[in-house]
Amino acid sequence: MEDQEIVHLYLQRSQQAPLETKNKYGAYCRAIARNILSNISDVEECENDTYLAAWNAIPPTMPKKFSVFLGRITRNIALDKHGYNTAKKRNREFEVILTELEGCLASLDTVETEYEAGEIANLINQFLYAIDKQARNLFIRRYWYSDSIADLGMRFNMSSSKVKSILFRTRNKLRAHLDKEGVNL
């Protein structure tokens, strides 16, 4: 079923909409959640919460790209679940991904930083469009989809050390780009 047809089912409030969403995007949503969460029951809960969130969001929201819409919902739910699970303890693999970006990005702890966060997001997007495709894809797979270094190496047919090197250089270029644009982090 095409994405527009699935969205139309949501607009009609058809019970078939979440089922069609699961059939087409279930594996995609689980992969995003699994890269952030380690517990399979948390991944399944996150997937189901994604369908509920989509149900509640459509309408009024009309997603332009349904897969990206679902991916963002899944990622946000998984990040919330990760935060809940690790509220009193520091945790494993996902913490490594977050610490890699610490030197580039500030924390969004206050309401006052919301506008700045939007500006930083725009600058990051400009930066990503300006770099070569391979570095951009590695960066997005690592920091949006939370893929491991080993998975990235297999996906892009390169060694783990080359992946790390490209990501390191890309983070440094991002930091320089943000500094040049006057973002003090």
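**Exercise 1.** Determine how many disulfides the structure holds, and account for the state of Cys29 and Cys46.

*Solution.* The structure holds zero disulfides, a disulfide being a pair of cysteine sulfur atoms within 2.5 Å. Cys29 is in no disulfide, and the nearest cysteine sulfur, that of Cys46, is 8.0 Å away. Seen from the other side, the cysteine sulfur closest to that of Cys46 belongs to Cys29, and because they are 8.0 Å apart, this is too far for a bond. As a next step, consider accessibility, where buried means under 20% relative accessible area, exposed over 50% and partly exposed in between (1.4 Å probe, protein chains only). Cys29 counts as buried at 0% relative accessibility, and Cys46 is buried with a relative accessible area of 2%.

The model is predicted, so that local features need pLDDT of at least 70 and side-chain atom pairs count only at pLDDT 80 or more, while totals for chains, interfaces and linings use all residues. Residues are numbered from 1 along each chain as its sequence is written, and side-chain values use heavy atoms, with hydrogens and water left out.

**Exercise 2.** Place Ser67 in its helix, and state whether Ser67 is buried or exposed and which residues Ser67 is in contact with.

*Solution.* Ser67 lies in helix H4, residues 66-85, where helices (H or I, at least four residues) are DSSP runs numbered from the N terminus. At 14% relative accessibility, Ser67 counts as buried. Leaving aside neighbours within four places in sequence, Ser67 is in contact (heavy atoms within 4.5 Å) with Asp3, Tyr25 and Tyr28.

Key:
Helices (H or I, at least four residues) and strands (E, at least two) are DSSP runs, numbered from the N terminus.
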